[in-house]
Structure formats: C-alpha cells, structure tokens
Amino acid sequence: MDFNMKKLASDAGIFFTRAVQFTEEKFGQAEKTELDAHFENLLARADSTKNWTEKILRQTEVLLQPNPSARVEEFLYEKLDRKVPSRVTNGELLAQYMAEAASELGPTTPYGKTLIKVAEAEKRLGAAERDFIHTASINFLTPLRNFLEGDWKTISKERRLLQNRRLDLDACKARLKKAKAAEAKATTVPDFQETRPRNYILSASASATLDDTSCPPSWAEWKEEYPGGWRLPCFFLLPLNPSVTRARGCLSLPKDRKLWNDEVDKAEQELRVAQTEFDRQAEVTRLLLEGISSTHVNHLRCLHEFVESQTTYYAQCYRHMLDLQKQLGRFPGTFVGTTEPVSPPLSSTSPTTAVATMPVGPSVAGLAPPGEAALRLEVTPPASGTRKARVLYDYEAADSSELALLADELITVYSLPGMDPDWLIGERGNKKGKVPVTYLELLS
C-alpha cells in the first residue's frame, strides 16, 4: 500500500492543532468563534427533530409489532438486505386454533358452529391487521427511517466539517494574535550601533574560533547589509559575515522585524483562507438545517396517511365484529346449549318471529330485542326529533327490519321510545328500517 508520508504528517499536524484549540477552549484559555442566534436555533431544532423522530419511530414499531424478538429478527433481515419472511398474525393464529377445535369438537354442534363463525371473523381481523401493518410501514415508518439514515447523516457530516473549520479558524486567529504581539515586542527593542573600527577583534579566543579563510565584507557592505548595527547580547563585537553572525546569535534588529513582519503576513493569509472555508461550510450547513422545515412537511403528510390507514383498519375491525355479532344473534340454540335446529329466516316467516330469545349481552340484544324483532315498517315518525344523516359506509340489511345503506347518501333518522341507543329508524323515500348509528354522521 502506497502511503503519502507528507500528507500523513500534514493531517497529523492539523489534527494536533485542532485538539490543542479544542482543549484550550474547554479550559477557557482560547477564544471561540460563536455562531449567530439564528444558526443556533436551527441546530437546536434539527437536534430536537432527530430525537423525537427516533422516539416516534421506535414506539410505532412497538405498536405494529409488540413482540421484541420479532422486531429484532426484522431488523437483522433489513440490515442483511433480505426479505422479511411472512409471519402469521395473532388473529390468524387464533382463527386457526378455533377452526381446529371446531373440527375436533364437532362442527354441527352449537359450540362448533360458533367457533367456526368466530374463527372466520378472527381470520378477517388478522388479514386487516396485516394490511394495516404493511400500509403503515410503507407510508409512515419508511419515511422516518429514510430521514434518520439519509438526511440526518448528511447533516451530521456537514456539522462535523463545520466544527473542524471553526477550530482551524480560531487556531489561525490565535496564531495571528501571537505573531502581532511578538512583532510589537521586537519593535520596542532599542538599536545598538557599533562604533569601533572595522575588523577590530576584542577577544583572541574569539578570533581563534573563526575560519582563517573567511573574508569579512567591507565596512560599506556591512553597513548596507546591517544598517541597524549589532543586536544585544553579542559575545564579541566583530564585523563578521552574516552567516557567522547569525550562528553566534547576533541578528540585527531590522532583520528580526522583517522576520516577524513576514510571520504576521503569513498568519493573516492563513486566516483569510480559514475564514473563507468556514463561511462556505457554514452556508452549506445552514441550507441543510433550513431543509428541516421540508422534512416536517413530509412527516406531516406521512402522519395523515398513518392516521387514515389506522382509521380504515379499526373501521374494518368494527364491521367484521358487527357482522359476527349479528351472525351469533341468529343462533339462539347456541347460547342455551340445545341442539334444536336454527329458526328459519325472517323473510320466510311472519313479522312476529323472534330473532333473539337467549340471554345475551345488551349490545347483542340491541340488534334484535324481543320487543323490536317484530318492528312494523308502518310506524309513524314522531312529530319532532327527526334529523338528517349522511351514511359513512355501505351497510347490508341483515333482515327485513333493517334498511340497507349506501355510502354518502342522505337519509332521515329518528328514535322511538325504548329503542336501543345504538340503532335509529331510517327513512329513504318510502322505505323504512333500523340503521346502526355508527354508520351515520348526524347533521344539524
């Protein structure tokens, strides 16, 4: 593998500089560039969106799949990019057990018949639950995951880059500040002018240390090269060549000033570059953070779709259970433990045939209580109390005492004394019959 040592050393140096700057900021020993208030608000809003999105996602997964083992299995299949195997819902499993129990206990007995009917209803409930889970996963969970695994990762990456650019900028500011302080200190040091004749040697031992072959420059050349004279401290006052003078620690003051001027210019140039990169990265990060508003709009639409799918699911469950309740009400022998044949349908008997003569709960009895089983369609509505109602769902009449409904049609409804509160009398033209309240939207 080919390593670029220069780049590696440069990256290590940058990392060390950022670490020093970050540590000094934490200890309050270095200045820190603060972002504007609007930018800070965008950052806080993005963090809040991410945190609450994670919580909503996790709890929705618990709602759709309460079994933690199943959730872990689905997570592993998703990470392995494999299709999640189809899983039987609890309702479908209950329906399977009931059907097997009815087959073993006797499908012709009242208990066996009831088990079969309930098993069919539970199977429909399980299918409705499967559709709801599938729809909610696509319309709600998937957009939330896409935000956390896509948009938020991009935002986090750009925020880290912005943090690095800020550390580089603050390090450049600190370097420039130190360079200017050193330049100002060098400017305040007084010059020391040499007044001795040229080529004077004050120390024989110092003369012995010099190269005998070296040829010192003329006095005019020396004064032109070093107009400021000698810089203190000097170990011996000799007009030597510049290289030997520097080796002895005797730089002239104007040369020091020039070096610090160059250092200041270099620091200012690095600061301008760092400021430009910081501003560019801040603008990129700002645009991404402002995109959180679009994320909220998208999540709002997904939330509406989730509520709509949940409403559809519970409406289907209610209809399935209502149909099951009606079917159970047609088997009176089921609840008294007799094996008598089921009563013939109302359409083939007189209007006074009883529909429910067994001890059932109030909701079941409300569908066809003894006093209303022989409801005569020639009843007259009360003088007051009639209202208009809009039908929400299609409804198929179970017998001649009920009125079939079509979604979105308008009918007139009213109640009779002693009537079950879950039911009303509905009129459409010259047709009358009982209608369930839950299928209606009463209008003022």
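Okay, let's start with one residue: aspartate 408 counts as exposed, because its relative accessibility is 54% and the cut-off for exposed is over 50%. Keep in mind that this is a predicted model.

Where does aspartate 408 sit? You'll find aspartate 408 in the loop between β1, residues 387–391, and β2, residues 410–414. Its backbone is worth a look too: phi of aspartate 408 is near 75 degrees, so to speak a positive value in a residue other than glycine.

Right, on to the helices. Take α2, residues 37–64, and α5, residues 110–187: their axes come within 10 Å and cross at roughly 150 degrees. That makes α2 roughly antiparallel to α5, since angles over 145 degrees count that way. As for handedness, the crossing of α2 and α5 is left-handed. And what's in that contact? The residues where α2 meets α5 split into 16 nonpolar, 4 polar and 6 charged.

Last stop, the largest pocket. Its volume is about 1400 Å³, and 46 residues line it. If you want to centre your view, the residues nearest the middle of the largest pocket are Gln65, Glu74, Ile133, Ser137 and Arg145.

Which elements give two or more residues to that lining? They are α2, α3 (68–79), α5 and α10 (292–329). Of these, α5 gives the most, with 15 residues. So we're back with our helix pair: both α2 and α5 turn up in the pocket lining.

And the chemistry of the lining of the largest pocket: 19 nonpolar, 9 polar and 18 charged residues. That's my tour, thanks.

How values were computed:
Residues numbered from 1 in each chain as written. Predicted model: local features only at pLDDT ≥ 70, side-chain atom pairs only at ≥ 80, totals over all residues. Heavy atoms only, no water. Axes fitted to C-alpha atoms, helices over the stretch in contact; angles between N-to-C directions. Helix = DSSP H or I, 4+ residues; strand = E, 2+ residues; numbered from the N terminus. Parallel < 35°, antiparallel > 145°, perpendicular 65-115°, else oblique. Left-handed = near helix turned anticlockwise from the far one by under 90°. Nonpolar A, V, L, I, M, F, W, Y, C, P; charged D, E, K, R; others polar. 1 Å grid on protein atoms, 1.4 Å probe; cavity = no way out; pocket = protein on both sides within 12 Å on 5 of 7 lines; lining within 4 Å. Points joined across faces, edges and corners; volume = space filled by probe spheres on them. Buried < 20%, exposed > 50% of the residue type's maximum accessible area, 1.4 Å probe, protein only.
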